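Biologist: I would like to go through this model label by label. Please tell me what each term rests on, value against cut-off.

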Amino acid sequence: MILNKETAKKTAELLLQIKAIKLEPQEPFTWASGWKSPIYCDNRIILSYPVMRNYIREQFARQIEEKYGKPDVIAAVATGAIGIGMLVAEYLSLPFIYVRPEAKGHGRKNQIEGNLEEGQTVVVVEDLISTGNSSLNAVKALKEAGAQVKGMFAIFTYGFDVSTSNFTEANVELHTLSDYENLIETAQHTNYINTEEAGILRKWREQPDNWTP
């Protein structure tokens, strides 16, 4: 869910400017899953741009407080969201933890790194939502550790039907600073793509796992 349309447009514009998101309808990328895609997103690039990372940090902090008030803890999903999550926690003067995809096989064998007390309220920060599986895996770990997960905030989502279904089924509220439709609208408005390319991008999202360039 987008909480602020202006923020969604501005975030999309900045992501395109710093090339955290690349749109190549004519020369698609190949994802690790094997999917052919006209879009590639790497939000970790944000950390290299102080103005951009400060904007994302402040928008996250503002929207989290408006929606939930101050939680006890900010959690990030490893590894992509650790940097941004820590900046948000610092900005809100809150404790920070992060959640690994699975428990370590050595040492204390932690999946959750940092101090989390049973019953504490947590807001989870994520960088990117595709299917939502890895994000919801982190939420599951937090709940099993006794946390009260208020919801999740992510920078960007592709808006796949499968991710919507996964979050609904898990009963987890998802809010994003921007999303695929706002990205396409902004890219067209700024002449980053033309009308034909926008059509290709929208067509891809209908069946991303079975799309032919």
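Modeller: Let's begin with His189, which is found in helix α6. A word on the ground rules: this is a predicted model, with local features needing pLDDT of at least 70 and side-chain atom pairs pLDDT 80 or more, while totals for chains, interfaces and linings use all residues. Residues are numbered from 1 along each chain as its sequence is written, and side-chain values use heavy atoms, without hydrogens or water.

Biologist: Why does His189 count as exposed?

Modeller: Its relative accessibility is 70%. Exposed means over 50% relative accessible area, buried under 20%, and partly exposed in between (1.4 Å probe, protein chains only). His189 therefore counts as exposed. As for its place in space, its C-alpha is 33 Å from that of Tyr68, and the two residues are 121 apart in sequence.

Biologist: Which residues of α6 are buried?

Modeller: Tyr180, Asn182, Leu183, Ile184, Thr186 and Ala187 are. Their cover includes α1, β1, β4, β9, β10 and α7 (195-206). Helix and strand names come from DSSP runs (H or I of at least four residues, E of at least two), numbered from the N terminus.

Biologist: α1 is in that cover. How do the axes of α1 and α6 lie to each other?

Modeller: The axes of α1 (residues 5-17) and α6 (residues 180-189) come within 9 Å and cross at roughly 65°. Axes are lines fitted to C-alpha atoms over the stretch in contact, and angles run from 0 to 180 degrees between N-to-C directions. The crossing is right-handed: the near helix is turned clockwise from the far one by less than a right angle, where anticlockwise would make it left-handed. On the α1 side the contact (heavy atoms within 4.5 Å) is made by Lys5, Ala8, Lys9, Ala12, Glu13 and Leu16, and on the α6 side by Asn182, Leu183, Glu185, Thr186 and Ala187.

Biologist: What classes of residue make up this contact?

Modeller: Five are nonpolar, two polar and four charged. Here Ala, Val, Leu, Ile, Met, Phe, Trp, Tyr, Cys and Pro count as nonpolar, Asp, Glu, Lys and Arg as charged, and the others, Gly among them, as polar.

Biologist: On to the rings. How many aromatic pairs are there?

Modeller: The structure holds 12. One of them joins Phe29 and Tyr40, with 5.6 Å centre to centre and 45° between the planes. Rings of Phe, Tyr and Trp (its six-membered ring) pair if their centres lie within 6.5 Å; planes under 30 degrees apart are stacked, over 60 edge-to-face, and the rest tilted. Phe29 and Tyr40 are tilted on that scale. Phe29 is in β2 (residues 29-30) and Tyr40 in β4 (residues 39-41), so the pair ties together parts 11 residues apart in sequence.

Biologist: What makes Phe29 partly exposed?

Modeller: Its relative accessible area is 21%. Tyr40, at 38%, also counts as partly exposed.

Biologist: Why is the pair of Phe60 and Phe153 called edge-to-face?

Modeller: Their planes stand at 85°, with centres 6.5 Å apart, so the label is edge-to-face. Phe60 belongs to α2 (residues 50-68) and Phe153 to β9 (residues 148-157), so this pair links parts of the chain 93 residues apart. Both Phe60 and Phe153 are buried. Elsewhere, ring pairs link Trp31, Trp35, Phe156, Tyr158, Phe160, Tyr180 and Trp204 into a cluster.

Biologist: What makes β10 (residues 174-179) largely enclosed?

Modeller: Six of its six residues are buried, so the rest of the structure largely encloses it. β9 is mostly covered, with eight of its 10 residues buried.

Biologist: How many bridges join β9 to β10, and how many to β8?

Modeller: β9 and β10 pair in the parallel sense over five bridges, and strands count as paired from at least two DSSP bridges. Strand β8 (residues 121-129) also runs parallel to β9, with eight bridges. Met152 in β9 has Val124 opposite it and also stands opposite Leu174 in β10.

Biologist: Finally, where are the unusual backbone angles to check, starting with Lys19?

Modeller: Lys19 is in the loop between α1 and β1 (21-23), and its phi is near 65°, positive in a residue other than glycine. With 48% relative accessibility, Lys19 is partly exposed. Asn171, in the loop between α5 (161-170) and β10, has a phi of about 60° and is exposed at 68%. A cis peptide bond, omega about 0°, joins Ala78 and Thr79.
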